[in-house]
Amino acid sequence: MMTTQTHPSVLQKTASWTLSKPVQATLFVSLCSLTLWTVYFTTYPAIHDRVHNPRHHTLLVPCH
């Protein structure tokens, strides 16, 4: 008697990999880092003025 083995589909493998904790943690940290980088180094005056002092205190960036 022949038995057939079921192989997970590519979609199932992708979903399993994407939903793993290390991948989620990496994506979360990357998104937070990108957001902070964008806010800290924006040239848009309203945002730049708001985060000016915290940027210099947290990143030790000299004043311009």
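Here are four short exercises, with worked solutions, on the predicted model shown above.

**Exercise 1. Describe the fold of the protein chain and say how far the predictor trusts it.**

Solution. Let's begin with the secondary structure: the protein chain has 4 helices and 0 strands. Read in sequence order, that gives the pattern α-α-α-α. Next, look at confidence. The average pLDDT is 80, and 80% of the residues score at least 70. Finally, see how this varies along the chain: helix H2 has the highest mean, 91, while helix H4 (residues 52–59) has the lowest, 76.

**Exercise 2. Work out what share of the residues is buried, and which atoms supply the exposed area.**

Solution. Start with burial: of the 64 residues in the protein chain, 12% are buried. Then turn to the surface, where the chain exposes about 6000 Å². Carbon and sulfur atoms account for 69% of that area.

**Exercise 3. Classify Thr 35 as buried, partly exposed or exposed, and find the polar partner of its side chain.**

Solution. First, place the residue: Thr 35 sits in helix H2. Its relative accessibility is 43%, and because the partly exposed class runs between 20% and 50%, Thr 35 counts as partly exposed. Now for the partner: a polar atom of the Thr 35 side chain lies 2.8 Å from the backbone oxygen of Leu 31.

**Exercise 4. Trace the surroundings of Thr 42, then identify the nonpolar surface patch that includes Tyr 44 and Ile 47.**

Solution. Step one is location: Thr 42 belongs to the loop between H2 and helix H3 (45–50). Step two is its polar neighbour: a polar atom of the Thr 42 side chain is 3.2 Å from the backbone nitrogen of Tyr 44. Step three looks beyond the neighbours within four places in sequence, where Thr 42 is in contact with Ile 47 and His 48.

Now the patch. Tyr 44 and Ile 47 join Val 39 in a nonpolar surface patch, and together the three have about 260 Å² of accessible area. Val 39 comes from helix H2, which spans residues 21–40. With a relative accessible area of 30%, Val 39 is partly exposed.

Note on methods
Residues are numbered from 1 along each chain as its sequence is written. Side-chain values use heavy atoms; hydrogens and water are left out. Patches are made of residues with over 30% relative accessible area and no salt bridge: like charges are joined within 9 Å, nonpolar side chains (Val, Leu, Ile, Met, Phe, Trp, Tyr) within 5 Å. Accessible areas come from the Shrake-Rupley method with a 1.4 Å probe; for residues, only the protein chains shown count as cover. A salt bridge is a side-chain nitrogen of Lys or Arg within 4 Å of a carboxyl oxygen of Asp or Glu. Helices (H or I, at least four residues) and strands (E, at least two) are DSSP runs, numbered from the N terminus. Buried means under 20% relative accessible area, exposed over 50%, partly exposed in between (1.4 Å probe, protein chains only). pLDDT is the predictor's confidence in each residue, from 0 to 100. A polar contact is a pair of N or O atoms within 3.5 Å; within protein, one must be able to donate a hydrogen and the other to accept it, and residues adjacent in sequence count only if both atoms are side-chain atoms. Contact means heavy atoms within 4.5 Å.
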